[in-house]
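Q: Hi! I have a protein model open and would love some help finding my way around it. Could we go through it together?

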Amino acid sequence: VRVLAPACGGSRLGSGWVSSSSTVVTNAHVVAGGSDVTVQEGAGSHPATVVLFDPATDVAVLRVEDLSGPPLRLGGPVGKGVGGAVLGYPGLAQGRLSVGAAAVQDRRPATGLDIYNRDRVTREIYQLRASVQEGDSGGPFVRPSGRVAGMVFAASTTDANVGFALTAAEISDELAAAEARTEPVSTGPCTH
């Protein structure tokens with residue numbers, strides 16, 4: 001799905017994926033500072049409520065009614081060389097789902113800063129051989145079985161054919177924590 005969040009004097013655009021009949025997962029930086037979040041899918045646009053916002057892991061969970069897309073399930077860890085696809089909505093104006101080949105180059109803990117560049121965090125990530133562009137953030141890295149192996153959160157600044165994804169294990173705690181939530185939470189300040 002495509003995620004739109006009016007924020008910071010403009011609109012933030014990203015991708016996401018349906019994890020249950022009324023839940024969409026995306027990156028926290030996609031909705032940071034946002035209000036009136038909307039999810040677009042084949043059946044149209046739907047208002048979304050942010051029910052989990054974690055700037056440390058860069059995960060946000062949205063509650064969305066009347067989704068038509070089938071849920072994608074989390075899979076287990078995958079190793080170096082394992083292939084799949086990155087699904088997302090790259091580009092600022094494009095409205096079409098892009099499917100790009102991807103393969104795991106590495107899986108490791110990575111230490112960096114949260115989405116606000118304040119606190120040090122360590123997250124388990126995949127380094128992917130994939131073309132990741134602006135707008136792909138929050139999109140799933142899926143295996144041929146349709147299972148979600150990870151979620152895209154960044155592109156390399158030095159290699160156009162390298163992207164990064166949070167592993168399914170890194171996302172699973174946030175999904176479990178958000179399972180029964182329906183009340184909106186703050187999306188924090190803008191990231192830039």
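A: Happy to! Let's begin with one pair of strands: β5 (residues 38-41) and β6 (residues 44-54) pair in the antiparallel sense over 4 bridges. Within that pairing, V39 stands opposite H46 in β6. Keep in mind that this is a predicted model.

Q: Okay, and what order do the strands have in the open sheet of 7 strands?

A: The order is β2-β1-β5-β6-β7-β4-β3, with antiparallel pairing. So β5 and β6, where we started, sit side by side in that order.

Q: Which strands stand at the edges there?

A: Those are β2 and β3. Each has a single partner strand, so one side of each is left without a neighbour in the sheet. As for the twist in this sheet, it averages 35° from one strand to the next.

Q: Cool. Now the barrel: is it open or closed, and how many strands does it have?

A: The barrel is closed and has 6 strands. Going round, the order is β8-β9-β10-β13-β12-β11, and the pairing is antiparallel. On average, neighbouring strands of this sheet are turned by 50° against each other, ignoring direction.

Q: How many bridges join β9 to β10?

A: There are 10 bridges between strand β9 (residues 98-113) and strand β10 (residues 120-129), and the two run antiparallel. To see one pairing on your screen, look for A110: its bridge partner in β10 is R123.

Q: And what about β8, how many bridges join it to β9?

A: β8 and β9 are joined by 6 bridges and run antiparallel. G88 is a good place to look, as it stands opposite S98 in β9. β8 is also joined to strand β11 (residues 140-142), by 2 bridges, again running antiparallel. There, V86 has F141 in β11 as its bridge partner.

Q: Where does helix α2 lie?

A: Helix α2 (residues 168-178) lies across three strands, β10, β12 (148-155) and β13 (162-167). It runs at about 45° to β13.

Q: Switching topic: how many disulfides does the structure hold?

A: It holds 1 disulfide. In general, a disulfide is a covalent bond between the sulfur atoms of two cysteines.

Q: Which residues does the disulfide join?

A: It joins C8 to C190, with an S to S distance of 1.9 Å. C8 lies in the loop between β1 (2-7) and β2, while C190 is in the segment after α2, so the pair ties together parts that are 182 residues apart in sequence.

Q: Is the disulfide left-handed or right-handed, and why?

A: It is left-handed, because the torsion about the S-S bond of C8 and C190 is about -110°.

Q: Let's do pockets. How much space lies in the largest pocket?

A: About 600 Å³. Its lining has 23 residues, and R12, H29, S137, T191 and H192 lie nearest its centre.

Q: Which element gives the most to that lining?

A: That would be β2, with 4 residues. β2 (10-15), α1 (28-31) and β12 each supply at least two residues of the lining. Sorted by class, the lining has 9 nonpolar, 9 polar and 5 charged residues.

Q: And how much space lies in the second largest pocket?

A: About 250 Å³. The second largest pocket is lined by 15 residues, of which V1, G16, W17, L72 and L97 lie nearest the centre. Both β3 (17-20) and β8 (83-88) supply at least two residues of that lining.

Q: How many residues of each class are in the lining of the second largest pocket?

A: This lining has 9 nonpolar residues, 5 polar and 1 charged.

Q: Thanks, that gives me plenty to look for on screen!

Notes
Residues are numbered from 1 along each chain as its sequence is written. This is a predicted model: local features need pLDDT of at least 70, side-chain atom pairs count only at pLDDT 80 or more; totals for chains, interfaces and linings use all residues. Side-chain values use heavy atoms; hydrogens and water are left out. Two strands pair if DSSP finds at least two bridges between them. Axes are lines fitted to C-alpha atoms, for helices over the stretch in contact, and angles run from 0 to 180 degrees between N-to-C directions. Contact means heavy atoms within 4.5 Å. On a 1 Å grid over the protein atoms alone, a cavity is a set of points where a 1.4 Å probe fits but cannot get out, and a pocket is an open set with protein on both sides within 12 Å along at least five of seven lines; lining residues have an atom within 4 Å of a point. Grid points are joined across faces, edges and corners, and a volume is the space filled by probe spheres set on the points. Ala, Val, Leu, Ile, Met, Phe, Trp, Tyr, Cys and Pro count as nonpolar, Asp, Glu, Lys and Arg as charged, and the others, Gly among them, as polar. A disulfide is a pair of cysteine sulfur atoms within 2.5 Å.
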